[in-house]
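Subject: Handing over a structure

Dear colleague,

I am passing on a structure for you to look through at your own pace. Please open it first, and then read the notes that follow it.

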Amino acid sequence: MSRVPPGLPDDPAAPDVRVSVQVQHLPQHSVPGRQLFTYVIVIENHADDTWQVMTRHWSITDGAGRVTEVEGEGVVGEQPIIPAGGSFTYDSFVTVEATPGRMRGWYTLRNAWGQGTRVPIPEFLLDVPGQRVLN
């Protein structure tokens, strides 16, 4: 897994912080032109230092190629502190007009000494199960 988001310089000193994602389509809350997905993120700190999530950056691309960039402080209203060996789990949601869509991004982290780094959020698919796309 790439440890640095696309377009960022490789950082050999980046901490061993891993991000995993599980995504689910919610058909009961979706309508044509607005598909709702929920996702669960787990941020695992395998590094020796404690890290705090300061900011997030998302790039969301829907099936028609429309791109939405989202930036903000922390995650779900928090700037969690993740100790060495610890993890933080949260859930959120996103809507896209056309599927399949994709999301990817990164978190900006800071340790107790004020050193910052970015940790990638792996790209994941926003797709309606069983939906067939004809080319």
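A good place to begin is a pair of side chains, those of His57 and Glu71, which are joined by a polar contact of 2.8 Å; a polar contact is a pair of N or O atoms within 3.5 Å, where within protein one must be able to donate a hydrogen and the other to accept it, and where residues adjacent in sequence count only if both atoms are side-chain atoms. Before going further, please keep in mind that this is a predicted model, in which local features need pLDDT of at least 70 and side-chain atom pairs count only at pLDDT 80 or more, while totals for chains, interfaces and linings use all residues. Residues are numbered from 1 along each chain as its sequence is written, and side-chain values use heavy atoms, with hydrogens and water left out.

His57 belongs to strand S3, residues 51-61, where helices (H or I, at least four residues) and strands (E, at least two) are DSSP runs numbered from the N terminus. Is His57 buried or exposed? His57 counts as buried because its relative accessibility is 9%, given that buried means under 20% relative accessible area, exposed over 50% and partly exposed in between, with a 1.4 Å probe and protein chains only. Not counting residues up to four places away in sequence, His57 touches several residues, including Val70, Arg104 and Trp106, where contact means heavy atoms within 4.5 Å.

Turning to the strands, the protein has zero helices and eight strands. S3 and S4 pair in the antiparallel sense over seven bridges, and two strands are said to pair if DSSP finds at least two bridges between them. Thr55 has Glu73 in S4 as its bridge partner, and in the hairpin of S3 and S4, with five residues between the strands, Gly65 takes a positive phi near 90 degrees. Strands S7 (residues 101-111) and S8 (residues 116-126) also run antiparallel, joined by nine bridges, and Trp106 stands opposite Pro120 in S8. The hairpin of S7 and S8 has four residues between them, and Gly114 in its turn has a positive phi of about 85 degrees.

Two places in the loops deserve a careful look. Most residues other than glycine have a negative phi, and most peptide bonds are trans. Val76, in the loop between S4 and strand S5 (81-82), has a positive phi near 40 degrees, and a cis peptide bond with omega of about 0 degrees joins Thr99 and Pro100.

Thr95, for its part, is in strand S6. The C-alpha atoms of Thr95 and Gln35 are separated by 5.3 Å, although these residues are 60 residues apart along the chain. Thr95 is partly exposed, with a relative accessible area of 33%.

Lastly, the second largest pocket is lined by 15 residues, of which Tyr39, Arg56, Trp58, Val70 and Ser92 lie nearest its centre. On a 1 Å grid over the protein atoms alone, a pocket is an open set of points where a 1.4 Å probe fits, with protein on both sides within 12 Å along at least five of seven lines, and lining residues have an atom within 4 Å of a point. The largest share of this lining, four residues, comes from S6.

With best wishes
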